[in-house]
Amino acid sequence: MTTERTAALRILADENMPDPDVLAVATGENRLLATQDKDFGDIVVNRNRPAPYGVVLFRLHNDIADTDRFRLMAGILNARNSWGPGIWAVSIRHPTTS
């Protein structure tokens with residue numbers, strides 16, 4: 001099922017941009033940044049780059065298939081009405097089973 005929020009997701013993973021540029025795109029488009037890249041925490045906290053819509057860091061178990069990763073991330077993001085500014089961490093340590 002595609003919701004308005006899920007349809008609004010934009011994937012930048014394959015655009016070969018430096019991380020600060022990805023954060024700038026998310027900020028410029030008023031978007032929450034969902035990532036599996038720990039470098040964004042360093043960029044926001046230690047380099048004082050703004051993330052007014054927030055950064056959600058996903059730490060997913062390596063055994064989770066790529067197609068399931070997107071589904072899990074989208075489901076978790078849609079489960080909350082508002083993430084707000086700041087850095088959030090979501091960790092899934094064990095693969096899901098069907």
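Start by selecting H61 and R69: the backbone oxygen of H61 sits 3.0 Å from a polar atom of the R69 side chain. That is a polar contact, meaning a pair of N or O atoms within 3.5 Å, where within protein one must be able to donate a hydrogen and the other to accept it, and residues adjacent in sequence count only if both atoms are side-chain atoms.

Before going on, a word on what you have open. This is a predicted model, in which local features need pLDDT of at least 70 and side-chain atom pairs count only at pLDDT 80 or more, while totals for chains, interfaces and linings use all residues. Residues are numbered from 1 along each chain as its sequence is written, and side-chain values use heavy atoms, with hydrogens and water left out.

**Stay on R69**

R69 belongs to helix α4, residues 66–79. Helices (H or I, at least four residues) and strands (E, at least two) are DSSP runs, numbered from the N terminus. Now add Q36, whose side chain makes a polar contact with the side chain of R69 at 2.5 Å. Is R69 buried or exposed? Its relative accessibility is 11%, so R69 counts as buried. The cut-offs are under 20% relative accessible area for buried, over 50% for exposed, and partly exposed in between (1.4 Å probe, protein chains only). Leaving aside neighbours within four places in sequence, show what R69 is in contact with: Q36, L60, H61, N62 and I64. Contact here means heavy atoms within 4.5 Å.

**Next, T35**

Move to T35, in strand β1. T35 counts as buried because its relative accessibility is 9%. A polar atom of the T35 side chain lies 2.9 Å from the backbone nitrogen of D37. Not counting residues up to four places away in sequence, T35 touches F40, V55, V56, L57, F58 and M73.

**Across to β2**

Pick L57 in β2, which T35 stands opposite. β1 and β2 run parallel, joined by three bridges; strands pair if DSSP finds at least two bridges between them. Colour β2 by burial: five of its six residues are buried, so the strand is largely enclosed by the rest of the structure. Then show α3 as well, since β1, α3 and β2 make a right-handed β-α-β unit. Right-handed means that, with the strands pointing away from the viewer, the path from the first strand over the helix to the second runs clockwise.

**Look down α2**

Which residues of α2 (19–28) are buried? Select V22, L23 and A26. Viewed down the axis of α2, these buried residues fall within an arc of 100 degrees, so they line one face of the helix; the arc is that of the directions from the helix axis to the C-beta atoms. Their packing partners are β1 (33–35), α3 (39–45) and β2 (55–60).

**Two loop stops**

N30 is in the loop between α2 and β1. Check its backbone: phi is positive, about 55 degrees, although N30 is not a glycine. Then jump to N48, in the loop between α3 and β2. Phi of N48 is also positive, near 55 degrees, in a residue other than glycine. N48 counts as exposed, because its relative accessibility is 64%.

**Zoom out**

Finish with the whole protein, which has four helices and three strands, in the order α-α-β-α-β-α-β along the sequence. Of its 98 residues, 27% count as buried.
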